[in-house]
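Please open the structure in your viewer and keep the selection tool at hand. We will visit a pair of helices and then a pocket, one selection at a time.

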Amino acid sequence: MCITFGQNEGTKKRIVIDVGHRGIDSGAIGINNIQEKDVVLNIAKTMLRLNKSVLNSNLNLYLTRYTDTLISLSDRSRLAKALDADVFVSLHCNASNRKSRGMEVYVHRSNYVNTKASIALSLSVLNEGTQKLGFKERGVKLANFQVLRETIAFCPAVLVEVGFVTHVDEARYFYKLENIRAIALAVLLGIDNYLNNEL
Ligand SMILES: [Zn+2]
(Lines give C-alpha, C1' and ligand atoms only; values in the text may rest on other atoms or scores of the structure.)
Protein backbone atom coordinates (compact mmCIF):
# COMPACT_ATOMS: atom_id res chain seq x y z
CA MET A 1 0.00 0.00 0.00
CA CYS A 2 1.28 3.43 -0.92
CA ILE A 3 0.01 6.50 0.89
CA THR A 4 0.70 9.95 -0.45
CA PHE A 5 0.51 12.63 2.19
CA GLY A 6 -0.64 16.16 1.51
CA GLN A 7 -2.17 15.32 -1.84
CA ASN A 8 -4.40 18.19 -2.91
CA GLU A 9 -8.06 17.73 -3.73
CA GLY A 10 -7.59 18.30 -7.46
CA THR A 11 -5.27 15.32 -7.93
CA LYS A 12 -7.18 12.85 -5.76
CA LYS A 13 -8.85 9.98 -7.56
CA ARG A 14 -12.64 10.15 -7.61
CA ILE A 15 -14.35 6.92 -6.68
CA VAL A 16 -18.08 6.42 -7.03
CA ILE A 17 -19.39 3.74 -4.70
CA ASP A 18 -22.79 2.66 -5.93
CA VAL A 19 -24.81 1.39 -2.99
CA GLY A 20 -27.11 -1.27 -4.44
CA HIS A 21 -30.92 -1.08 -4.05
CA ARG A 22 -32.93 1.27 -1.84
CA GLY A 23 -36.28 1.85 -0.16
CA ILE A 24 -38.90 -0.70 -1.09
CA ASP A 25 -36.38 -2.42 -3.37
CA SER A 26 -34.52 -4.20 -0.60
CA GLY A 27 -32.51 -6.40 -2.94
CA ALA A 28 -31.87 -9.88 -1.65
CA ILE A 29 -33.35 -10.91 1.68
CA GLY A 30 -31.44 -13.60 3.48
CA ILE A 31 -31.27 -15.58 6.64
CA ASN A 32 -32.99 -13.90 9.62
CA ASN A 33 -34.35 -11.30 7.18
CA ILE A 34 -30.98 -9.69 6.67
CA GLN A 35 -31.44 -7.21 3.81
CA GLU A 36 -28.93 -6.61 1.05
CA LYS A 37 -29.71 -2.88 0.84
CA ASP A 38 -28.71 -2.43 4.51
CA VAL A 39 -25.56 -4.55 4.32
CA VAL A 40 -24.19 -2.65 1.31
CA LEU A 41 -25.05 0.76 2.82
CA ASN A 42 -23.19 -0.20 6.01
CA ILE A 43 -20.18 -1.32 3.96
CA ALA A 44 -20.17 1.89 1.90
CA LYS A 45 -20.45 4.19 4.92
CA THR A 46 -17.65 2.29 6.64
CA MET A 47 -15.51 2.77 3.52
CA LEU A 48 -15.96 6.54 3.95
CA ARG A 49 -14.62 6.33 7.50
CA LEU A 50 -11.74 4.00 6.57
CA ASN A 51 -10.67 6.29 3.75
CA LYS A 52 -10.06 8.92 6.44
CA SER A 53 -8.58 6.74 9.16
CA VAL A 54 -6.54 4.23 7.13
CA LEU A 55 -5.84 5.97 3.80
CA ASN A 56 -5.45 9.49 5.20
CA SER A 57 -8.32 10.66 2.94
CA ASN A 58 -6.23 9.68 -0.06
CA LEU A 59 -9.30 9.08 -2.23
CA ASN A 60 -12.38 11.15 -2.92
CA LEU A 61 -15.27 8.79 -2.30
CA TYR A 62 -18.82 9.55 -3.39
CA LEU A 63 -21.77 7.30 -2.59
CA THR A 64 -24.78 7.08 -4.89
CA ARG A 65 -26.94 7.08 -1.76
CA TYR A 66 -26.13 7.96 1.85
CA THR A 67 -29.45 6.82 3.30
CA ASP A 68 -32.30 4.51 2.30
CA THR A 69 -33.32 6.89 -0.50
CA LEU A 70 -34.58 6.36 -4.03
CA ILE A 71 -32.12 6.57 -6.92
CA SER A 72 -32.61 5.14 -10.39
CA LEU A 73 -30.06 2.92 -12.10
CA SER A 74 -29.44 5.59 -14.76
CA ASP A 75 -28.80 8.25 -12.12
CA ARG A 76 -26.15 6.02 -10.57
CA SER A 77 -24.27 5.99 -13.89
CA ARG A 78 -24.90 9.69 -14.48
CA LEU A 79 -23.19 10.50 -11.19
CA ALA A 80 -20.03 8.74 -12.41
CA LYS A 81 -20.12 10.82 -15.60
CA ALA A 82 -20.90 14.11 -13.83
CA LEU A 83 -18.05 13.61 -11.37
CA ASP A 84 -15.66 12.44 -14.10
CA ALA A 85 -15.04 9.43 -11.87
CA ASP A 86 -11.85 7.38 -12.09
CA VAL A 87 -13.52 4.24 -10.83
CA PHE A 88 -17.11 3.04 -10.31
CA VAL A 89 -17.78 0.20 -7.87
CA SER A 90 -21.30 -1.10 -7.35
CA LEU A 91 -21.82 -2.99 -4.09
CA HIS A 92 -24.26 -5.90 -3.84
CA CYS A 93 -24.89 -9.11 -1.90
CA ASN A 94 -25.71 -12.34 -3.63
CA ALA A 95 -28.63 -14.67 -3.04
CA SER A 96 -29.14 -18.24 -4.16
CA ASN A 97 -29.71 -21.62 -2.63
CA ARG A 98 -28.32 -22.07 0.85
CA LYS A 99 -25.17 -23.83 -0.35
CA SER A 100 -23.75 -21.02 -2.50
CA ARG A 101 -21.10 -18.86 -0.93
CA GLY A 102 -18.22 -16.56 -1.79
CA MET A 103 -17.33 -13.36 -3.59
CA GLU A 104 -17.59 -12.60 -7.31
CA VAL A 105 -17.13 -9.47 -9.40
CA TYR A 106 -18.95 -8.54 -12.61
CA VAL A 107 -17.67 -6.55 -15.57
CA HIS A 108 -19.38 -5.35 -18.76
CA ARG A 109 -17.64 -6.16 -22.05
CA SER A 110 -18.30 -3.15 -24.27
CA ASN A 111 -15.40 -0.74 -24.04
CA TYR A 112 -12.03 -2.33 -24.65
CA VAL A 113 -9.88 0.01 -22.57
CA ASN A 114 -12.27 0.26 -19.62
CA THR A 115 -13.17 -3.44 -19.74
CA LYS A 116 -9.51 -4.35 -19.42
CA ALA A 117 -9.09 -1.90 -16.55
CA SER A 118 -12.31 -3.18 -14.93
CA ILE A 119 -10.94 -6.74 -14.96
CA ALA A 120 -7.73 -5.53 -13.30
CA LEU A 121 -9.81 -3.70 -10.67
CA SER A 122 -11.97 -6.82 -10.15
CA LEU A 123 -8.91 -8.99 -9.55
CA SER A 124 -7.52 -6.49 -7.08
CA VAL A 125 -10.77 -6.38 -5.07
CA LEU A 126 -11.13 -10.17 -5.26
CA ASN A 127 -7.58 -10.61 -4.03
CA GLU A 128 -8.31 -8.59 -0.90
CA GLY A 129 -11.66 -10.26 -0.27
CA THR A 130 -10.60 -13.85 -0.90
CA GLN A 131 -6.84 -14.29 -0.33
CA LYS A 132 -6.71 -11.90 2.62
CA LEU A 133 -10.22 -12.06 4.08
CA GLY A 134 -10.98 -15.70 3.36
CA PHE A 135 -14.10 -15.49 1.19
CA LYS A 136 -14.35 -18.25 -1.38
CA GLU A 137 -13.30 -16.93 -4.80
CA ARG A 138 -16.04 -17.22 -7.44
CA GLY A 139 -14.09 -15.22 -9.99
CA VAL A 140 -14.59 -12.36 -12.43
CA LYS A 141 -17.70 -12.70 -14.61
CA LEU A 142 -19.11 -10.84 -17.59
CA ALA A 143 -22.69 -9.60 -17.42
CA ASN A 144 -24.97 -7.13 -19.16
CA PHE A 145 -26.08 -5.30 -16.03
CA GLN A 146 -27.57 -1.88 -16.82
CA VAL A 147 -25.54 -0.05 -14.21
CA LEU A 148 -22.29 -1.39 -15.70
CA ARG A 149 -23.40 -1.00 -19.32
CA GLU A 150 -24.20 2.68 -18.78
CA THR A 151 -21.03 3.46 -16.82
CA ILE A 152 -18.23 1.67 -18.65
CA ALA A 153 -18.15 4.32 -21.37
CA PHE A 154 -16.84 6.77 -18.77
CA CYS A 155 -14.59 4.78 -16.45
CA PRO A 156 -13.68 1.29 -15.24
CA ALA A 157 -16.83 -0.11 -13.64
CA VAL A 158 -17.34 -3.26 -11.59
CA LEU A 159 -20.16 -4.80 -9.59
CA VAL A 160 -19.00 -6.64 -6.48
CA GLU A 161 -21.17 -9.37 -4.99
CA VAL A 162 -19.50 -9.42 -1.60
CA GLY A 163 -21.11 -12.65 -0.39
CA PHE A 164 -24.41 -14.49 0.02
CA VAL A 165 -27.05 -13.31 2.46
CA THR A 166 -28.68 -16.70 1.88
CA HIS A 167 -25.70 -18.63 3.24
CA VAL A 168 -25.91 -19.12 6.98
CA ASP A 169 -22.25 -18.34 7.72
CA GLU A 170 -22.08 -15.33 5.42
CA ALA A 171 -25.39 -13.87 6.67
CA ARG A 172 -24.09 -14.25 10.20
CA TYR A 173 -20.84 -12.62 9.11
CA PHE A 174 -22.66 -9.55 7.74
CA TYR A 175 -24.49 -9.01 11.03
CA LYS A 176 -21.29 -8.12 12.88
CA LEU A 177 -19.90 -4.59 12.68
CA GLU A 178 -16.28 -5.73 12.89
CA ASN A 179 -16.89 -7.90 9.81
CA ILE A 180 -18.51 -5.03 7.92
CA ARG A 181 -15.35 -3.09 8.70
CA ALA A 182 -13.17 -5.96 7.41
CA ILE A 183 -15.05 -6.24 4.13
CA ALA A 184 -15.18 -2.45 3.68
CA LEU A 185 -11.42 -2.35 4.16
CA ALA A 186 -10.94 -5.18 1.66
CA VAL A 187 -12.91 -3.36 -1.05
CA LEU A 188 -11.20 -0.05 -0.28
CA LEU A 189 -7.70 -1.56 -0.39
CA GLY A 190 -8.63 -3.45 -3.55
CA ILE A 191 -9.48 -0.12 -5.21
CA ASP A 192 -6.44 1.65 -3.77
CA ASN A 193 -4.02 -1.09 -4.85
CA TYR A 194 -5.51 -1.06 -8.32
CA LEU A 195 -5.08 2.73 -8.60
CA ASN A 196 -1.49 2.55 -7.35
CA ASN A 197 -0.64 -0.10 -9.92
CA GLU A 198 -2.24 1.93 -12.72
CA LEU A 199 -0.01 4.95 -12.09
ZN1 LIG B 1 -28.24 -6.55 -5.54
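In which sense, left-handed or right-handed, does α3 cross α6? Bear in mind, as you look, that this is a predicted model. Select residues 112–132 to show helix α3, and then add residues 177–198 to show helix α6. If you follow the two helices where they meet, you will find that α3 passes α6 in a right-handed crossing. Their axes lie 8 Å apart, and the helices pack at an angle of about 140°. Angles over 145 degrees would count as roughly antiparallel and those from 65 to 115 as roughly perpendicular, and α3 and α6 are therefore described as oblique to each other.

Next, show the side chains where these helices touch: on α3, the contact residues include Ala 117, Leu 121, Val 125 and Glu 128, while on α6 they include Ala 186, Leu 189, Ile 191 and Tyr 194. Sorted by class, the contact between α3 and α6 comprises nine nonpolar residues, four polar ones and one charged one.

Now move to the largest pocket, whose volume is about 210 Å³. Select Gly 20, His 21, Leu 73, His 92 and Leu 159, which are the closest to the centre of this pocket among the 17 residues that line it. To see which elements give two or more residues to the lining, colour α2 (73–82), β3 (87–94), α4 (146–149) and β6 (157–164). Of the elements, β3 gives the most, with three residues. Finally, colour the lining of the largest pocket by class, and you should find six nonpolar, five polar and six charged residues there.

Methods: Residues are numbered from 1 along each chain as its sequence is written. This is a predicted model: local features need pLDDT of at least 70, side-chain atom pairs count only at pLDDT 80 or more; totals for chains, interfaces and linings use all residues. Side-chain values use heavy atoms; hydrogens and water are left out. On a 1 Å grid over the protein atoms alone, a cavity is a set of points where a 1.4 Å probe fits but cannot get out, and a pocket is an open set with protein on both sides within 12 Å along at least five of seven lines; lining residues have an atom within 4 Å of a point. Grid points are joined across faces, edges and corners, and a volume is the space filled by probe spheres set on the points. Helices (H or I, at least four residues) and strands (E, at least two) are DSSP runs, numbered from the N terminus. Ala, Val, Leu, Ile, Met, Phe, Trp, Tyr, Cys and Pro count as nonpolar, Asp, Glu, Lys and Arg as charged, and the others, Gly among them, as polar. Axes are lines fitted to C-alpha atoms, for helices over the stretch in contact, and angles run from 0 to 180 degrees between N-to-C directions. Angles under 35 degrees count as roughly parallel, over 145 as roughly antiparallel, 65 to 115 as roughly perpendicular and the rest as oblique. A crossing is left-handed if the near helix is turned anticlockwise from the far one by less than a right angle, and right-handed if clockwise. Contact means heavy atoms within 4.5 Å.
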